[in-house]
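Open the model in your viewer and keep the selection panel at hand. The tour goes stop by stop: select, look, move on.

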Amino acid sequence: MSDLDLTALHEFARREGGLSRRTFLAYSTTLAALPWLAERSEGAVMRRATFAGNPFRLGVASGDPTSTGVVLWTRLATEPLIPGGGLPPEAIEVQWEIADDEAMTKVVRRGTALATPQLGHSVHVEADGLKPDRWYWYRFRAGDVESPTARTRTMPAPAAQPDRLRFAFASCQHYETGLFTAYEHMVKDDLDLILHLGDYIYEDEGKPDKVRIHLGKECESLDDYRLRYAQYKSDPLLQAAHARCPWLVTWDDHEVDNNYAGSASAIKGVDSLALLARRANAYQAYYETMPLRRPSIPRGPRMRLYRKASFGRLAELLILDTRQFRSDQANGDKPADLNDEALDPKRTMLGQRQAGWLQSSLLTSTATWNVLAQQVMMALVKRKREAGMLYSMDQWAGYAAERIKLVKFLAERRVPNPIVLTGDIHSNWVNDLRVDDRMPETPVVATEFVGTSISSGGNGTSASKGLEQLRSENPGVRYHDAQRGYVRCTVTPGIWRTDLVEVEDISRPGAPAVERASFIVEAGKPGAQAT
C-alpha cells in the first residue's frame, strides 16, 4: 500500500465530512495486493543484478520454524539509510540455499525468490521439506554477491518428547538510549530460539545528547518506518543474534506509535483514519523487516500476527497481539483503581477472534508447558502513585474483566503448566498469577516472567525503590528490578528455569553480563521458586 493512496483516502474523508471505518477497511483492502507481489512481479526482473555495494548490509534472519521448515529472510539494500535503499525500482532475483553444514558443502534445499520494490526489496522464503529437530545453515546470493552464512533449526516432530528447550526473550530496544550489548551475550547461550516481545524499534524523532541518534523525524510514512528499521537492522550485535537461531516475533506499541490502542491514538486530536493510515505504513514495514510467513502479510492496516509454534510436546508457544485489537485504554490511560471502567466486561485486549483462537489452542494443546508470549503485564499490580496505590491502565489491569476471565479459563480447564512471558515496562518481574490477584488466599494458577528492556530507559538499577511496600501490597510479586538485559529460559519435562541476565552498563561497548536471579517452576506445581 502506498502513502499516496492512503493520503488521498484521508483527504477524501475530510472533504466528504467523514468515512466509516468499515468503508476505510474495505477500500484499503483493495489497495493491498501485497500477497501476490513477491510471486507475480510484472515488468523487468534483474536476474543477474550488479551492485555498486554490498546488498546484504541489513543481514539475514530466520523465523517461524516448524518441524519441517523455516522462513528465511533478507532485505536487499546497498545504501540502507536512504529511501529506496540505493536500488532501482525493479524486481531482483535472489538465490537461496540450505545446507547440513556450516561450510555449505552439503546443500539440501535451494531455490530462487524475487525481491520486489513494492515490499522494500525484502525476501521471505518459506523453505520446507527439512528434517525435524535439526540445525541447518543458509545463505543468499544476489548477482555475484553472497550473503553471510547463518544458522537456523527446525522444531521437533509434533509427537516428539524433547528433553530440553533453551530460548531467550527480549523487548524494548531503543537505539538512542543504549547499545544492544545484551545480544552480544545472548549469542553465546546456545539457544534454540529467540522471542522478541515488541518495541523492536522506537518511532520518535532523533534527540541530541543520546548514546546514539535516530535518523530522521518521527515515523509516519512508509519510507520513515523503512529507514528506521534499516538503522536498527544495521546494528552488528542485532544482526549476529538473528544469524544465530530462528526468531519468533510480535510487536507492541512503538512499532507504530506510543500507547496506541487499535485505531485510537494516544495523542488527542488524532482521528482514527489518520492512525489507521499510519498503522498501514508501520505494519507493512514490520512485515518487510521480519521473518514472517504469508498469513502475516498485511492487508492495509490489518495484519495477522497471533500464531503458535510447537516444540514437540514439550512446549506450545502462543504468540499474542495485544495492540491491534484492543479497546482504548480505560480512565484516559491514567493510573487508576480497578473501577467500573477497568472492570467493564466489554473492554478487550485481544479482540473476540484472537481470544477464541487462544482458548481453542489451549484446549487442544498436548504440550507439557503452555506459554503465552505477549506484551504487557498480566499481573494485577498496584504501584505507588501521587494519589496512592493504583494500577496501570495500559496493562491487563485496564482490561481486568477479560484478564480475570482468561486466568479463570486456565484454572477451570486445567490447562497444563501455563507460563506468561511479557515485555514492555523496562524492568524484570516474577509474578504468581491468580484468577484475581487481589485475593492472595486463592490458588496460584500460572507464573509470569516479565523481561526488562534491551536498552530502553538507559542504564537501570538493580535496587528498586519501594520494593518492600510493593511486595507487601502485591503478594504475587516474587521479584522485581530495573536493570537492562534479557531473560533466558531452560525448559525440561519436569522443570522450567528462568535466568534474569543483566548488563550493567549499556553506554559502553563490551560491558559484561551477570545472572542476577533465577527461578524455577515445577511441572504440575504452579508458582515460582527462587533458586
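## Stop 1: Tyrosine 202

Select tyrosine 202, in the loop between strand 11 (193–196) and helix 5. Bear in mind that this is a predicted model. Is tyrosine 202 buried or exposed? Tyrosine 202 is buried, with a relative accessible area of 4%. Now show its contacts, leaving out residues up to four places away in sequence. Tyrosine 202 touches Cys172, Gln173 and His174. His214, Arg228 and Tyr232 are also on the list. His254, His426 and Ser456 complete the set. For a sense of scale, draw a distance to glycine 86, 116 residues apart from tyrosine 202 along the chain. Their C-alpha atoms are separated by 24 Å.

## Stop 2: Proline 158

Go to the loop between strand 9 (150–153) and strand 10, and pick proline 158. Proline 158 counts as exposed, at 59% relative accessibility. Next, add glycine 312. The C-alpha atoms of proline 158 and glycine 312 are separated by 4.5 Å, although the two residues are 154 apart along the chain. Beyond its neighbours within four places in sequence, proline 158 is in contact with Ser67, Gly312 and Arg313.

## Stop 3: Tryptophan 96

Select strand 4 (residues 91–99) and find tryptophan 96 in it. Tryptophan 96 is buried, with a relative accessible area of 12%. Colour its contacts, again not counting residues up to four places away in sequence. Among them are Leu72, Val125, Ala127 and Phe140. The list also includes three arginines to inspect: Arg109, Arg110 and Arg139. Then draw a line to valine 503, 407 residues apart from tryptophan 96 along the chain. The C-alpha separation here is 36 Å.

## Stop 4: Strand 6 and its flanking loops

Select residues 122–127, which form strand 6. Of its 6 residues, 5 are buried, so strand 6 is largely enclosed by the rest of the structure. Add strand 3 (residues 70–75): 6 bridges join it to strand 6, and the two run antiparallel. Which residue of strand 6 is the bridge partner of valine 71? Pick glutamate 126.

Now step into the loop between strand 5 (107–115) and strand 6, where histidine 121 lies. Check its backbone: phi is near 55 degrees, a positive value in a residue other than glycine. Histidine 121 is buried, at 4% relative accessible area.

Then take the loop between strand 6 and strand 7 (135–142) and select aspartate 133. Aspartate 133 also has a positive phi, about 55 degrees, although it is not a glycine. At 43% relative accessibility, aspartate 133 counts as partly exposed.

## Stop 5: Strand 20

Select residues 446–450, which make up strand 20. Here 5 of the 5 residues are buried, so strand 20 is largely enclosed by the rest of the structure. Show the side chains. Ala446, Glu448 and Val450 point one way, Thr447 and Phe449 the other.

Add the partners. Strand 18 (residues 418–422) runs parallel to strand 20, with 4 bridges joining them. Isoleucine 419 stands opposite threonine 447. Strand 19 (residues 428–433) runs antiparallel to strand 20, with 5 bridges. Leucine 433 stands opposite alanine 446.

## Stop 6: The nonpolar cores

Where are the most contacts in the largest nonpolar core? Select Tyr183, Met186, Trp247, Tyr286, Leu292 and Met303. The core has 44 residues. Elements giving two or more residues to this core include strand 10 (165–170), helix 4 (181–186), helix 5 (222–233) and strand 23 (495–503). Helix 7 gives the largest share, 6 residues.

Centre on tyrosine 286. Leaving aside neighbours within four places in sequence, its contacts include Tyr229, Trp251, Glu255, Leu292 and Met303. A second, separate core has 31 residues, including Phe167, Leu197, Ala315 and Phe449.

## Stop 7: The largest pocket

Finish at the largest pocket, which holds about 400 Å³ of space. Its lining has 15 residues. Select the closest to its centre: Arg302, Tyr306, Gln324, Phe325 and Arg353. How does the lining divide by residue type? It has 7 nonpolar, 4 polar and 4 charged residues.

Key: Residues numbered from 1 in each chain as written. Predicted model: local features only at pLDDT ≥ 70, side-chain atom pairs only at ≥ 80, totals over all residues. Heavy atoms only, no water. 1 Å grid on protein atoms, 1.4 Å probe; cavity = no way out; pocket = protein on both sides within 12 Å on 5 of 7 lines; lining within 4 Å. Points joined across faces, edges and corners; volume = space filled by probe spheres on them. Nonpolar A, V, L, I, M, F, W, Y, C, P; charged D, E, K, R; others polar. Buried < 20%, exposed > 50% of the residue type's maximum accessible area, 1.4 Å probe, protein only. Pairing = 2+ DSSP bridges. Core = buried A, V, L, I, M, F, W, Y, C linked by side-chain atoms within 4.5 Å. Contact = heavy atoms within 4.5 Å.
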